[in-house]
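Okay, thanks everyone. I'll take a few minutes to walk through one model, so have a look at it while I talk.

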Amino acid sequence: MSLYLHSINAEKSFSFCTLCVHMLCMTGKRGFSLMQTFYIVINWLIVFGYWLLIAGVTLRIVMKRRAVPSSMAWLLVIYILPLVGIIAYLSFGELHLGSRRAERAKAMWPSTANRLHKLKKSRRIFATKYSLVAKPLFQLCDRRQGINGVKGNQMKLFTTTTETLKTLICDISLARNNINIVFYIWLPGGLVDQVAESLISAANRGVQCRLMLDSAGSLQFFRSPYPNMMQRAGIKVVEALKVNLLRVFLRRMDLRQHRKVILIDNYIAYTGSMNMVDPHYFKQDAGVGQWIDLMARMEGPVATTLGIVYACDWEIETGKRIFLPPPDVNIMPCEQENGHTIQVIASGPGFPEELIHQALLTAVYSAREQLVMTTPYFVPSDDLLHAICTAALRGVAVSIIVPRDNDSMMVRWASRAFFSELFEAGVNVYQFTGGLLHTKSVLVDGQLSLIGTVNLDMRSLWLNFEITLVIDDNEFGSDLACVQKDYIAHATLLSAKEWKNRPFWHRLCERLFYFFSPFL
């Protein structure tokens, strides 16, 4: 009997377990079906969001008015490497100064306009007559910047870093009121340390000193003891455009403060292509030789116009306004009224858009006899390349001097992609062999000179904070011509015939890196 009851109970238990298993299976199938539906919906949402993001970025590129090659390059990158392309475009594709800096840049213009208005009252410092070749360019700058070129400036060119630094150390030691400095690169070592020591000494004797350095370019400086030493002496040290990966989508990390300017007592000014480095300590392992630069030392009213640019940069970066002295403080003596006429052109966010590019185009189209250009990085816009070639085709003797060896492999190959078109137009292309030629200069008909920090590449023309001096003077033009002739004497003239016979893999590399030229 007990066995019978036990079998009945076992059968019931088995039936119950079977029912549970069946129910679990039914529930599992339903749960699996729900999970499958959930994953399908998520996948479709991801795909939809992915294409929506691509469509949105594509629309932004199309709606932005920029050069067609640049837009096409971005679109190709985004569609070939979507995720990488989108991240790259959001990081580097548009000019994001950052909300705070953008607001400061907008807010500074009323005070800047007031400074320019006060400066215009000192009428005798402004030029009213220009040479025929310079007049279109000075008219452009007057209309776009609201100020004419200033005359009565004394200028001296320095072609060696050692001479420049020694003269600067002497000027700093004689400073009495203020010293304002901005550089892309400040690298401790050698004579640069003596500059730092003289600056600290000036601050200790009561001279007001400001030092603004680019965060990326002067990384080694900010890791050195010098920032603390300078601040303890009373020097205001500012790290411009700090590199911060957490803010990569809020501001372009490759937007750099590329100016090189020194202002002493509102009367002495330096600018040019030289960074604050001693060549004997700078990039010795790069395999490109010593860097060759050009620096100008000036005395006169041009220090005031450069000071306005510096004040704008300082306010954009710090939010604090520099109160410049009245413009009549550094009016030139009567005997200097016929000195060099100089126009200062500043570029970067907050300054007149595309002015540097327009100035270069105007200068090239003004050439009638001769055009000589030197640049370490030659990746021109289509418009600038067309202007250079057109000048050669209408009979202007055009020469471009670039370094044979370059510290940027991408620029080295990308620049060569333009040589064939230059050769076809009759342009002479020289490769400097005496080191890395870092000088940025343009000389038109021996009369109109442009020197400063601007490279002939997209980054300088459209992005960075740059400075250029335009000088209308045949004596200064003669000095610059001597410097450029010395560069040519240490350069090799490329042969168009030999260039056509270069290896196929060279052509392949050139075209490959040319594809990235809008980003260089």
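I'll start with the overall picture, then go through salt bridges, some buried spots and two surface patches.

First thing to keep in mind: this is a predicted model. The protein chain has 520 residues, and 53% of them are buried. On secondary structure, we've got 18 helices and 17 strands. The accessible surface comes to about 25,200 Å², and carbon and sulfur atoms account for 60% of that. How far apart in sequence are the residues that touch? If you take contacts between residues at least 6 apart, 81% of them join residues at least 24 apart.

Okay, salt bridges. The structure holds 7 of them, and I'll pick out a few. Let's begin with Asp 214 and Arg 256, whose side chains meet at 3.0 Å, N to O. Why is that pair worth a look? Asp 214 sits in strand E3, residues 208–214, while Arg 256 is in the loop between strand E4 (236–240) and strand E5 (261–264), so the bridge ties together parts that are 42 residues apart in sequence. Are the two partners buried or exposed? Asp 214 is buried, at 0% relative accessibility. Arg 256 is buried as well, with a relative accessible area of 6%.

Next pair: Arg 404 and Asp 405, with a salt bridge at 3.4 Å, N to O. Here Arg 404 is partly exposed at 39%, and Asp 405 is partly exposed at 26%. There's also a network, in which salt bridges with shared partners join Asp 171, Arg 297 and Glu 299. Inside that network, the side chains of Glu 299 and Arg 297 meet at 2.8 Å, N to O. Glu 299 comes out partly exposed because its relative accessibility is 22%, and the cut-off for buried is under 20%. Arg 297, at 14%, counts as buried.

Now, some individual positions. Ser 347 is in strand E9, which covers residues 340–347. Ser 347 has 6% relative accessibility, so it counts as buried. What is Ser 347 in contact with, leaving aside its neighbours within four places in sequence? The list is Arg 259, Ile 356, Ser 460, Asn 464, Phe 465 and Glu 466.

Over in helix H2, residues 68–80, take a look at Ala 73. Ala 73 is buried, with a relative accessible area of 4%. Which residue do I want to pair with Ala 73? Phe 515: the two are 442 residues apart along the chain, yet their C-alpha atoms are separated by 6.8 Å.

Then there's Cys 170, in helix H6, residues 161–173. Cys 170 is partly exposed, at 41% relative accessible area. From Cys 170 to Val 195 is 25 residues in sequence and 9.3 Å in space, C-alpha to C-alpha.

One more buried set before we go to the surface. Helix H13 runs over residues 409–416, and Val 411, Trp 413, Ala 414, Ser 415 and Arg 416 are buried there. What covers those buried residues of H13? The cover includes H14, strand E12 (428–432), helix H17 (496–500) and helix H18 (504–514).

H14 turns up again on the outside. There's a negative surface patch formed by Asp 382, Asp 383, Glu 421 and Glu 424. Where does that patch come from? Helix H12 (382–393) and helix H14 (419–425) each supply at least two of the residues in the negative patch. Glu 421 is one of the residues in H14, and Glu 421 counts as partly exposed at 42% relative accessibility.

Last stop is the nonpolar patch. Ile 40, Trp 44, Val 47, Tyr 50, Trp 51 and Tyr 79 form this patch on the surface, with about 660 Å² of accessible area together. Which helix gives the largest share? Helix H1, residues 2–63, contributes 5 residues. Trp 51 is in H1, and Trp 51 is partly exposed, with a relative accessible area of 48%.

That's what I wanted to show. Happy to go back to any of these spots.

Key: Residues numbered from 1 in each chain as written. Predicted model: local features only at pLDDT ≥ 70, side-chain atom pairs only at ≥ 80, totals over all residues. Heavy atoms only, no water. Patch = residues over 30% accessible without salt bridge, like charges linked within 9 Å, V, L, I, M, F, W, Y side chains within 5 Å. Areas by Shrake-Rupley, 256 points an atom, 1.4 Å probe, with all protein chains shown as cover. Salt bridge = Lys/Arg side-chain N within 4 Å of Asp/Glu carboxyl O. Lys, Arg positive; Asp, Glu negative; His and termini not counted. Charge placed at Lys NZ, Arg CZ, Asp CG, Glu CD. Helix = DSSP H or I, 4+ residues; strand = E, 2+ residues; numbered from the N terminus. Buried < 20%, exposed > 50% of the residue type's maximum accessible area, 1.4 Å probe, protein only. Contact = heavy atoms within 4.5 Å.
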